[in-house]
Amino acid sequence: MTKRHSVRLRILISNDDGIGAAGLRSLAMACDGAGHRVDVVCPDRERSATSHCLTTRQAIEAKRMDEVFGGHIRAWACSGTPADAVKLALITLLSEPPDLVLAGINHGPNLGCDVLYSGTVAAAMEGTLLGIPAMAVSSNWSRWHELGAATPWVLAVAQHCLAKGWPPGVLLNMNLPDCPASRIHGVRWCRPCGRRHGEHFRVQPSAAGVAQYMVGVEMTGENPCHRVGPTLWPTDLASVEAGWIALTPLQPQLFWHGDPSTLPPLPVSPNEYDAAARGQ
């Protein structure tokens, strides 16, 4: 049984795998069992890889689904994206802001550039954008019904960071290793790995005679040139492969952190480039 904490938090939980996901249930029940006030607002179906997409051209439906969690956790399933769900919760559905936003536990890792595509990370990032401490939680452990054993780590890290001072404007991206909870070594600060998605498309026949393309995604190898963050920190990928929980600080600002002197000089007029190309 999860130990009940002396500090009762208001926690909003969302995800991108939908209201029926095992990872969501494990996280919600663990937070509730620890004595926290839990609200769940998430998509009504799987909305993986939707990134920070928002619904702007149609109404979003939100249906109460308390029965999914036994009736004592307030829950809504909405027709929108993960970012929609958290935005709707924080602005409209909840009567007071939560102390913490959790997204997950995602069915699959979010390492390296995965964070650019992940609906789970976007859900948590919406909390960060609205000034609330937020953490995305993902796992590559395929036995989803066993994820509950790892939730004490999630709660411990979140409460520790809240108590010690959550850095403002920072999202924490947690990835659990692909192993039973009993074999987890601990938690590490990490930087994103340098792997990228290698996409390809294959043509599928269409009865209507219109070309259809199905995307396939494969992960490329590590590229050290694409790594960012403190050089002494291990990468998130290396950490989870070694049995550690990877905790990576992210921020919504995408501003470049390179050396400004390496940027090319800008043209002073619209004709400057054409003149240079003609050798004038």
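This note comments on a predicted model, with attention to the overall fold, helix H3 and the cysteines.

1. Overall composition. The protein contains six helices and 11 strands. Of its 280 residues, 44% are buried. Among contacts with a separation of 6 or more, 77% are between residues 24 or more positions apart.

2. Surface. The exposed area of the protein is about 15,000 Å², and carbon and sulfur atoms supply 56% of this area.

3. Burial of helix H3. Helix H3 spans residues 119–129 and is mostly covered, with 10 of its 11 residues buried. The buried set runs through Gly119, Thr120, Val121, Ala122, Ala123, Ala124, Met125, Glu126, Gly127 and Thr128; the charged residue to note in this list is Glu126.

4. What covers H3. The cover over the buried residues of H3 includes helix H2 (82–93) and several strands, among them E1 (10–14), E5 (100–107) and E6 (134–139). Strands E7 (171–176) and E11 (245–250) also contribute to this cover.

5. Ends of H3. At the N-terminal end, serine 118 acts as the cap of H3, with a side-chain oxygen 3.1 Å from the backbone nitrogen of threonine 120. Just after H3, glycine 131 adopts a positive phi of about 85°.

6. Cysteines. The model has zero disulfides, counting pairs of cysteine sulfur atoms within 2.5 Å. Cysteine 113 is in no disulfide, and the nearest cysteine sulfur, that of cysteine 193, is 7.3 Å away. Cysteine 113 counts as buried because its relative accessibility is 7%, under the 20% cut-off. Cysteine 31 likewise counts as buried, at 0% relative accessibility.

Technical notes:
Residues numbered from 1 in each chain as written. Predicted model: local features only at pLDDT ≥ 70, side-chain atom pairs only at ≥ 80, totals over all residues. Heavy atoms only, no water. Buried < 20%, exposed > 50% of the residue type's maximum accessible area, 1.4 Å probe, protein only. Helix = DSSP H or I, 4+ residues; strand = E, 2+ residues; numbered from the N terminus. Contact = heavy atoms within 4.5 Å. Polar contact = N/O pair within 3.5 Å; in protein donor to acceptor, adjacent residues only side chain to side chain. Areas by Shrake-Rupley, 256 points an atom, 1.4 Å probe, with all protein chains shown as cover.
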